[in-house]
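Welcome! Here are a few short exercises, each followed by a worked solution. Have a look at the structure first, then try each task before reading on.

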Amino acid sequence: TEVTIDTLTGEYLIDRTDILHDVGRSLNPAIDIGQVEGAFVQGMGWLTTEELWWDDKGRLRTHAPSTYKIPLASDRPKVFNVKLAEW
């Protein structure tokens, strides 16, 4: 993943992401690619735009879509390449 970061404000822009994912023998490549894209965007939002907090017992409390904001489609990388490995 390539990003542009404004070091004065902390704002960032995700310019490009390239993913090669091994799913074994895909039954439906379109579905698998969609799952990989969705997982990346959800994880990207969780780790870059949300405050992670733990309770007194050390359990992560922001662990599901009900406890944090999922990014919008417009938050995805400008160039987003996902391929399934063909070994």
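**Exercise 1: Following a strand pair**

Task: Find the residue of strand 2 that is the bridge partner of glutamate 2, then describe how the two strands are joined.

Solution: Start at glutamate 2 in this predicted model; its bridge partner in strand 2 is arginine 16. Next, widen the view to the whole pair: strand 1 covers residues 2–5 and strand 2 covers residues 12–21. Four bridges hold the pair together, and the strands run antiparallel. Finally, look at the turn of this hairpin, where six residues lie between the strands. Here glycine 10 has a positive phi near 85 degrees.

**Exercise 2: Placing the hairpin in the chain**

Task: Work out how many helices and strands the protein chain has, and in what order they come.

Solution: Count by type to get one helix and three strands. Then read from the N terminus, which gives the order β-β-α-β.

**Exercise 3: Judging the overall form**

Task: What radius of gyration does the protein chain have, and what would a compact globule of 87 residues have?

Solution: Begin with the reference: a compact globule of 87 residues would come out near 12 Å. The protein chain, however, has 16 Å. Now add the extents of the C-alpha trace, about 45 × 35 × 20 Å along the principal axes. For burial, count residues under 20% relative accessible area; these buried residues make up 20% of the 87. To finish, turn to the surface: about 6,800 Å² is exposed, with carbon and sulfur atoms supplying 54% of it.

Notes
Residues are numbered from 1 along each chain as its sequence is written. This is a predicted model: local features need pLDDT of at least 70, side-chain atom pairs count only at pLDDT 80 or more; totals for chains, interfaces and linings use all residues. Side-chain values use heavy atoms; hydrogens and water are left out. Two strands pair if DSSP finds at least two bridges between them. The radius of gyration is taken over C-alpha atoms; the globule rule is 2.2 Å times the number of residues to the power 0.38. Buried means under 20% relative accessible area, exposed over 50%, partly exposed in between (1.4 Å probe, protein chains only). Accessible areas come from the Shrake-Rupley method with a 1.4 Å probe; for residues, only the protein chains shown count as cover.
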